[in-house]
Amino acid sequence: MIKKSPFLPATRQEMDALGWERPDVILVTGDSYIDAPAIGAAVVGRVLHRAGYKVAIIAQPDITDGQDITRLGEPALFWGVSGGSLDSMVANYTASGKKRKRCDYTPGGENNRRPDRAVIAYTNLIRRHFKGGTIPIVLGGIEASLRRVPHYDAWQNRIRGSILFDAKADYLLYGMGERSVVELADALSSGTSPDAIYGLCRKSETPVEDYLELPSLAEVKKDKEAFTRMFLTFKANADAFTARGLVQKHDSRYLIQNPPQPPLTAEELDTVNELPYTRELHPLCQSQGEVRAMETIRFSIASHRGCYGECNFCAIALHQGRTVSSRSEASVLRETEALTHLPGFKGNILDAGGPTANMYGFECAKKLKKGPCTDRRCLYPVICPSLKPDHSRLLSLLKKMQQVPGIKKVFSASGIRPDLVLADKKNGDLYLKEVVAHHTSGQLKIAPEHTSEKVLSLMGKPKTELLRFRKRFQELTDEAGKPQFLTYYFMAAHPGCGQREMDELAQFCRNELHTRPEQAQIFTPTPSTISTLMYLTEKDPETGQPIVVEKRKEAKERQKGALLSTSRGDQGNERRPSDGRRDKRPSEVRRKTEEKRTSGRHKGNRSSS
């Protein structure tokens with residue numbers, strides 16, 4: 001008798017053990033198959049399975065032959081194709097265009113399993129080996145979501161059309177997708193049309209009445225002003241409360257984008273995160289080598305999703321939404337307790353947070369009723385009075401997580417927004433004191449990104465009272481009697497940033513912060529961000545005024561080098577925290593910080609703003 005696997009099947013033997021002739025859905029992903037709530041394919045698979053569908057997963061198929069993609073046969077309802085947790089081009093290339101050698105989501109760590117433009121590559125693979133097939137191919141994940149309309153591709157330096165057309169797929173589900181993928185499966189299994197599902201893009205011979213029409217693909221390819229109008233209209237219609245459907249001509253056909261799905265409720269988010277994940281690497285992948293991200297993913301908890309930071313270089317708000325959805329305290333505590341029973345758990349939760357750690361538990365009451373404002377942002381240029389930052393729920397959650405039997409430490413590795421801490425007059429200081437005393441792994445990550453007001457305005461970031469926050473952090477650290485430090489994340493070569501601005505930033509770090517930053521990245525123009533729009537057009541889209549945009553690789557490296565170059569008083573070349581002392585954090589926590597920095601989310605699309 002064949003033993004049943006606790007995983008969703010990835011092999012024919014597992015399907016046979018379940019008595020399946022064919023799955024309803026096969027998910028193809030650019031990640032290894034880690035069955036955890038941090039991995040999109042695992043989440044979508046578990047959500048569909050809970051809805052009663054038979055789901056199988058093919059992880060990182062070899063695109064040079066048909067052995068992997070054909071091993072499970074053809075699904076009954078649809079193929080689901082994703083590039084994985086990272087945009088494949090960001091995963092495969094540095095900001096300077098160099099091929100990345102390592103991948104934390106691939107067995108063995110060698111970056112040789114996720115193809116460039118993975119969504120297109122996998123769709124072509126399916127078409128090649130199932131010729132004449134009529135089973136729909138559905139695109140999803142961040143790579144497809146951010147390429148659903150025409151976009152600037154920095155790797156080819158050209159405007160590409162919607163990935164739905166490029167990949168010759170049938171449907172595209174954008175955003176987080178848990179609700180829309182079940183609605184799609186229900187429609188296809190019942191033989192009804194999925195055309196009106198929210199969060200879905202499709203191709204059509206005719207436009208949809210009452211949908212906003214964007215400038216055509218032909219127009220945006222030849223006219224940057226038309227591209228700007230298209231992108232700003234697209235971005236203005238990305239919120240579930242206020243968005244209209246969009247239509248755009250692609251040659252002789254039309255791209256149809258339905259309005260987005262509403263954010264999941266707290267109850268729905270609880271359910272998604274508490275599905276029966278094994279939090280293990282599937283044995284088929286495990287036989288191919290160790291996955292470096294595995295430990296981090298197993299022992300971390302997502303408390304919320306979405307981001308109202310809306311930094312111009314980040315696509316998190318576009319992909320996850322501008323409204324922050326928080327899980328219930330009870331759900332997070334149940335997950336915390338469950339982690340203590342996992343093999344290999346050492347008592348440390350390596351991260352409890354979301355895109356930004358301290359957005360849990362509070363939102364704008366007006367936004368929850370009517371959607372985000374169309375004429376202002378929540379945090380820029382100043383925090384909106386309607387937001388009312390309140391860390392009380394997060395403070396309570398962290399304290400209760402710390403008290404769960406078997407828990408030694410609950411780390412906040414996602415990074416925090418200092419402006420939210422300082423704006424919360426009642427609980428902000430109490431929260432920071434709690435983090436410093438119990439939830440910091442030696443270094444606390446913040447991302448000021450820059451100090452130039454001109455550059456920050458183009459980033460869509462306020463100028464944080466950095467020195468005031470630093471002073472209070474040091475005071476609380478001294479009170480706690482711990483050798484802890486701030487780690488600063490800065491960005492070079494963002495549109496509007498020249499060598500002078502980077503030299504001034506380097507001088508500020510030396511003279512005011514008394515540090516030599518080790519965490520700096522060169523801006524990557526990833527699809528569907530305002531910063532990428534500026535990179536392409538060399539204009540500020542709000543004013544239409546020209547801006548400096550550095551596009552030469554050598555000059556970008558010089559900007560980064562100005563910040564990272566050794567200054568007097570530095571302790572040689574030994575890798576150290578910001579103030580020169582040794583990094584004494586647990587190794588798995590140091591690894592977590594590095595993974596969050598490089599994978600991003602998904603940077604250009606940074607998770608912590």
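The sheet in this predicted model is an open one, built from nine strands that follow one another in the order S2-S1-S3-S4-S7-S8-S11-S10-S9, with mixed pairing. At its edges we find strand S2, residues 55-59, and strand S9, residues 212-213, each of which pairs on one side only.

Let me turn to one of the pairings inside that order. Strand S7, which covers residues 171-173, runs antiparallel to strand S8, residues 200-204, and the two are joined over three bridges; within this pair, Leu173 is placed opposite Leu200 of S8. Packed on the sheet is helix H7, residues 178-190, which touches S7 and S8 as well as S3 and strand S4, residues 137-140, and whose direction makes about 160 degrees with that of S3.

A second helix to look at is H2, residues 40-50, which lies across strand S1 (25-29), S2 and strand S3 (78-82), and which runs at about 170 degrees to S1.

Now to the other edge, and to a single residue there. Glu213 belongs to strand S9, and S9 is, as I said, an edge strand, pairing on one side only. Is Glu213 buried or exposed? Its relative accessible area is 52%, and because exposed means over 50%, Glu213 counts as exposed. Leaving aside residues up to four places away in sequence, Glu213 touches Val247 and Tyr254. For a sense of distance, the C-alpha atom of Glu213 is separated by 40 Å from that of Ser328, a residue 115 places apart from Glu213 along the chain.

Terms used. Residues numbered from 1 in each chain as written. Predicted model: local features only at pLDDT ≥ 70, side-chain atom pairs only at ≥ 80, totals over all residues. Heavy atoms only, no water. Pairing = 2+ DSSP bridges. Helix = DSSP H or I, 4+ residues; strand = E, 2+ residues; numbered from the N terminus. Contact = heavy atoms within 4.5 Å. Axes fitted to C-alpha atoms, helices over the stretch in contact; angles between N-to-C directions. Buried < 20%, exposed > 50% of the residue type's maximum accessible area, 1.4 Å probe, protein only.
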